[in-house]
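The following exercises concern the architecture of a single protein model and the surroundings of its ligand. Each task is followed by a worked solution.

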Amino acid sequence: MNPLIASLRGGLIVSCQAYPGEPLRHPETMAQMAEAVVAGGAVAVRAQGLADCALIKQRVSVPVIGLWKDGKDGVFITPTLQHAIAVRNCGVDVVALDGTRRQRPDGLTFADTVERLRAAGPVVVMADCGSLADARAARDAGVDAIGTTLAGYSGDRPKSDGPDLDLLADIVSAVPDVPIIAEGRVHTPEQARQALEAGAHAVVVGTAITHPTTITGWFVGRL
Ligand SMILES: CC(=O)N[C@H](C=O)[C@@H](O)[C@H](O)[C@H](O)COP(=O)(O)O
């Protein structure tokens, strides 16, 4: 196992992202958010966009998992080889990219993307998957970690209210040689613990910690 990925075992990774048009969408704001979650015990930070990745990397001592979202339909998380190289060049520790088997905008397969990314220089790769078949293909492509990030978003799985723990358990048993990171709709500490108990190597939480607009809506919706 890659040593940096190994160091995240049993820990909480916090995703610090604000979406286009939102008030918090500013690299300085996300850097402050990242510092705040590290103070709370996050073992790594997941960040979106080249400016956010570069600034957060300067401001926190824990590993940074970087990605670049481009578009909102189909393959949009670090969708092409060029996006992946740009994220890597920000100096992040891990490059996260769409790890589904869907058609990519640059026409490369996921395996070709990983191979060419590695040919461009040393890199630790996290594949954001949406199904067991994605995870198997990502393992075959030689990734360092697999996330359940796209479960419920890529069309292969229903969008569960909480994390897709069934998919997580299936991937953990079918792909035992790659660390599996639980990500997506982990909204409570109990769910994070359940994900680790289901065999996740680490857990990513985004919205429930760093997206106050959504969290506020949860409260307002219950009044
Ligand atoms: C599907 C997609 O675009 N996921 C993105 C991936 O980086 C982020 O929008 C999520 O916030 C992240 O995966 C963490 O998940 P949650 O916010 O549910 O804890």
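**Exercise 1. Identify the residues that come nearest to the ligand, and describe the shell by element and by class.**

Solution. The model is a predicted one. Step one: the shell around the ligand comprises 16 residues, of which Ser15, Tyr153, Arg185, Gly206 and Thr207 come nearest. Step two: two elements, β8 (202-205) and α9 (207-210), each give two or more residues to this shell. Step three: sorted by class, the residues around the ligand are 8 nonpolar, 6 polar and 2 charged.

**Exercise 2. Determine the order of the strands in the barrel and the sense of their pairing.**

Solution. Step one: the 8 strands form a closed barrel in the order β1-β2-β3-β4-β5-β6-β7-β8, and their pairing is parallel. Step two: on average, neighbouring strands of this sheet are turned by 25° against each other, with direction ignored. Step three: one pair can be examined in detail, namely β4 (residues 94-98) with β5 (residues 125-128), which are joined in the parallel sense over 4 bridges. Within this pair, leucine 97 has alanine 127 of β5 opposite it.

**Exercise 3. Characterise the packing of helix α2 against helix α3.**

Solution. Two packed helices are described by the distance between their axes and by the angle between them. Step one: the axes of α2 (residues 27-39) and α3 (residues 50-59) come within 9 Å and cross at roughly 40°. Step two: angles from 35 to 65 degrees fall in the oblique class, and α2 and α3 are therefore oblique to each other. Step three: the crossing in which α2 passes α3 is right-handed. Step four: α2 contributes Pro27, Glu28, Met30, Ala31, Ala34 and Glu35 to the contact, while α3 contributes Ala51, Asp52, Leu55, Ile56 and Arg59. These residues of the contact divide into 7 nonpolar and 4 charged, with no polar ones.

**Exercise 4. Give the geometry and the contact residues for α6 with α7, and then for α4 with α5.**

Solution. Step one: helix α6 (residues 132-140) and helix α7 (residues 165-174) have axes that come within 10 Å and cross at roughly 35°. The crossing of α6 and α7 is right-handed. Step two: Leu132, Ala135 and Arg136 of α6 meet Leu167, Asp170, Ile171 and Ala174 of α7. By class, this contact of α6 with α7 holds 5 nonpolar, no polar and 2 charged residues.

Step three: for helix α4 (residues 81-89) and helix α5 (residues 110-119), the axes come within 10 Å and cross at roughly 40°. The handedness of the α4 and α5 crossing is right-handed. Step four: from α4, Leu81, Ala84, Ile85 and Arg88 meet Thr113, Arg116 and Leu117 from α5. The contact of α4 with α5 consists of 4 nonpolar, 1 polar and 2 charged residues.

Terms used: Residues are numbered from 1 along each chain as its sequence is written. This is a predicted model: local features need pLDDT of at least 70, side-chain atom pairs count only at pLDDT 80 or more; totals for chains, interfaces and linings use all residues. A residue is near a molecule or strand if its C-beta atom, placed from the backbone, lies within 6 Å of it. Ala, Val, Leu, Ile, Met, Phe, Trp, Tyr, Cys and Pro count as nonpolar, Asp, Glu, Lys and Arg as charged, and the others, Gly among them, as polar. Two strands pair if DSSP finds at least two bridges between them. Axes are lines fitted to C-alpha atoms, for helices over the stretch in contact, and angles run from 0 to 180 degrees between N-to-C directions. Angles under 35 degrees count as roughly parallel, over 145 as roughly antiparallel, 65 to 115 as roughly perpendicular and the rest as oblique. A crossing is left-handed if the near helix is turned anticlockwise from the far one by less than a right angle, and right-handed if clockwise. Two residues are in contact if their C-beta atoms, placed from the backbone, lie within 7 Å.
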